[in-house]
Amino acid sequence: MDSILEHLSMIRLLADFGLVVLIWMVQLIVYPGFTFYSEELLLKWHKTYTPRITVIVAPLMFVQVCIAVYLCAFNFSIVHLIYLILVFSTWISTFIYFVPLHHNIEANKDLKSSANRLTKGNWIRTIQWTFIFIYGIIWLSS
């Protein structure tokens, strides 16, 4: 069991690191870049951007949540429960707030407003994934 937990810890840390790097790039580069597009070009670019970023984000989020659930189910501890709650918080914010904004852009509805709300609101996920990564480093070093 220890070998499995060691491997999961490394995979978890890699997924957490990938997500924290990705979210900072999205927050500082991608979403602010949306403001430089005309509505027509934003709509066109968004249709290209969304599936491409999903190919990167979805597997990382899936690995992260699977590991969190596994750890709680098969090696329960308060540390693992906190990690699971933190990971679920990113899923909740993603699917309740951010996915609808992307759907608005995709549907050509409130393009500029939705793009601005993505940029401002994404600080929530930036903080969430940064905290998850820091929590994971502390957890690994203890």
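Which pattern does the protein follow when read along the sequence? The pattern is α-α-α-α-α. The model is a predicted one. Five helices are present, and the number of strands is zero.

The overall dimensions were computed next. Along the principal axes, the C-alpha atoms fill a box of roughly 55 × 20 × 20 Å. The protein has 142 residues, and 42% of them count as buried. Its accessible surface comes to about 8,100 Å². Carbon and sulfur atoms account for 74% of that surface. Contacts across the sequence were also examined. Among those between residues at least 6 apart in sequence, 76% join residues at least 24 apart.

Helices α4 and α5 were then considered as a pair. Two packed helices are described by the angle between their axes and the distance between the axes. Helix α4 covers residues 111–121, and helix α5 covers residues 123–141. The two pack at an angle of about 30 degrees, and their axes are 5 Å apart. Angles under 35 degrees count as roughly parallel, so α4 is roughly parallel to α5. Which residues of α4 meet α5? They are Thr119, Lys120 and Gly121. On the α5 side, the residues met are Trp123, Ile124 and Arg125. By class, this contact of α4 with α5 has two nonpolar, two polar and two charged residues.

Aromatic residues form a further set of links. The structure holds 11 aromatic pairs. One of them joins Trp24 and Trp123. Their ring centres lie 5.6 Å apart, and their planes stand at 75 degrees. Planes over 60 degrees apart count as edge-to-face, so this pair is edge-to-face. Trp24 lies in helix α1, which covers residues 2–33, whereas Trp123 lies in helix α5. The pair therefore ties together parts that are 99 residues apart in sequence. Are these two residues buried or partly exposed? Trp24 counts as partly exposed, at 33% relative accessibility. Trp123 also counts as partly exposed, at 38% relative accessibility.

Tyr31 and Phe34 form another aromatic pair, and this one is tilted. The distance is 5.5 Å centre to centre, with 45 degrees between the planes. Both Tyr31 and Phe34 are buried. Tyr31 and Phe34 also belong to one aromatic cluster together with Trp45 and Tyr49.

Ile23 lies in helix α1. Its relative accessible area is 4%, so Ile23 is buried. What does Ile23 touch, not counting residues up to four places away in sequence? Asn122, Arg125, Thr126 and Trp129 are touched. Trp129 is 106 residues from Ile23 along the chain. The C-alpha atoms of Ile23 and Trp129 are nevertheless separated by 7.5 Å.

Pro100 lies in helix α3, which covers residues 78–106. At 33% relative accessibility, Pro100 counts as partly exposed. Leaving aside neighbours within four places in sequence, Pro100 is in contact with Thr94 and Phe95. Pro100 and Ser114 are 14 residues apart in sequence. In space, the two are 9.1 Å apart, C-alpha to C-alpha.

Notes
Residues numbered from 1 in each chain as written. Predicted model: local features only at pLDDT ≥ 70, side-chain atom pairs only at ≥ 80, totals over all residues. Heavy atoms only, no water. Axes fitted to C-alpha atoms, helices over the stretch in contact; angles between N-to-C directions. Helix = DSSP H or I, 4+ residues; strand = E, 2+ residues; numbered from the N terminus. Parallel < 35°, antiparallel > 145°, perpendicular 65-115°, else oblique. Contact = heavy atoms within 4.5 Å. Nonpolar A, V, L, I, M, F, W, Y, C, P; charged D, E, K, R; others polar. Buried < 20%, exposed > 50% of the residue type's maximum accessible area, 1.4 Å probe, protein only. Areas by Shrake-Rupley, 256 points an atom, 1.4 Å probe, with all protein chains shown as cover. Phe/Tyr/Trp six-rings, centres within 6.5 Å; stacked < 30°, edge-to-face > 60°.
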